[in-house]
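Here is a short tour of one helix and its surroundings. Have the sequence and the 3D view open as you read.

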Amino acid sequence: MTSRLTLLGLATLALGAASCIDENILDVMADSQPRAGRYKESVFFEDGLSMHAPPEGTVPRERLTQNVPVSTGRLPDGPIQPNGEPLPKYATAIPVPVTPQLLALGRKRFDITCATCHGPVGDGISIVGTQMSLRPPPSLVTEKYIAKPSGYLFEVASRGFGMMASYAAELTVEERWAVVAYLRALQLSQSANVDQLPPAVRAKLESAPPAPVQKEHP
């Protein structure tokens, strides 16, 4: 109890101190902070340029490796289409090792980020989805999305699609591939036949008692 009161007292003092800061000081600090505008002349660098190439050896934050399919989900573009645009080609397989740890991460991120609209099993049934009558979220466990390349699903998570926003800021590259891997597991679980199960799992499933039938109230 004492520690909670101490923390509360410190928080109160911090808020009181913050309220005493002169706003003019903050303005001076903001104006005096050295910064360079794009395409503006610089007096700091000898060549007079504000914009410079990144130091040798640096890579973009999103690029975990130099493997483009990992960071984009795409392969080299195909031939030019009649509309003048190249035919996009996506990675068909998940280009990172699919491990139990990756699936566990994918389930965690899917439940937090995706299940809100697409439902816990990816079938598009959710409380939020029922309120989106104009364009409800699709089921991701249908043949249409089972047939989609894994790279396409990664790109949708990265860039967004339709009413769905990009989740590149919320999910790292690894987390997006983890979500794709877990979605593949959901698709398999919703469409697999009993004959495809391992013998031990199938025997356990067949020996389980039937689920009770819920009676409808008159």
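What follows looks at a bent helix, its cysteines and the pocket it helps to line.

Keep in mind that this is a predicted model.

**The helix and its bend**

Let's start with α4, which runs over residues 100-118. If a helix of 19 residues were straight, at 1.5 Å a residue, you would expect a span of 27 Å, but the end C-alpha atoms of α4 are only 23 Å apart. Where is the kink in α4 centred? Look at Asp111: the helix has a kink of about 50° centred there. Just after the helix comes Gly119, with a positive phi near 85°.

**The buried side**

Which residues of α4 are buried? They are Leu102, Gly106, Phe110, Thr113, Cys114, Ala115 and His118. An α-helix has 3.6 residues a turn, so residues three or four places apart point the same way. As for the partner, the buried residues of α4 pack against α8, residues 173-191.

Take Thr113, a member of α4. Thr113 counts as buried because its relative accessibility is 18%, and the cut-off is under 20%. Leaving aside residues up to four places away in sequence, Thr113 touches Tyr167 and Leu171.

**Two cysteines, no bridge**

A disulfide is a covalent bond between the sulfur atoms of two cysteines. How many disulfides does a search of the whole structure find? The count is zero. Cys114 is in no disulfide, and its nearest cysteine sulfur belongs to Cys117, 9.1 Å away. Cys117 is likewise in no disulfide, with the sulfur of Cys114 as its nearest, at 9.1 Å. A pair has to be within 2.5 Å to count, so this one doesn't qualify.

Are these cysteines buried or exposed? Here they are next to Thr113:

| Residue | Relative accessibility | Class |
|---|---|---|
| Thr113 | 18% | buried |
| Cys114 | 16% | buried |
| Cys117 | 24% | partly exposed |

Cys117 is classed as partly exposed because its 24% falls between the 20% and 50% limits.

**The pocket**

Now turn to the largest pocket, which has a volume of about 610 Å³. There are 27 residues in its lining, and those closest to the centre are His118, Pro138, Leu140, Val156 and Met164. Which helix gives the most to this lining? It is α4, with six residues. The helices that each supply at least two lining residues include α7 (150-159) and α8, along with α4. His118 turns up twice in this story: it is among the buried residues of α4, and it is also one of the residues closest to the pocket's centre.

Notes. Residues numbered from 1 in each chain as written. Predicted model: local features only at pLDDT ≥ 70, side-chain atom pairs only at ≥ 80, totals over all residues. Heavy atoms only, no water. Buried < 20%, exposed > 50% of the residue type's maximum accessible area, 1.4 Å probe, protein only. Helix = DSSP H or I, 4+ residues; strand = E, 2+ residues; numbered from the N terminus. Expected span 1.5 Å × (residues − 1). Bend = angle between axes of the 7 residues up to and from the residue. Contact = heavy atoms within 4.5 Å. 1 Å grid on protein atoms, 1.4 Å probe; cavity = no way out; pocket = protein on both sides within 12 Å on 5 of 7 lines; lining within 4 Å. Points joined across faces, edges and corners; volume = space filled by probe spheres on them.
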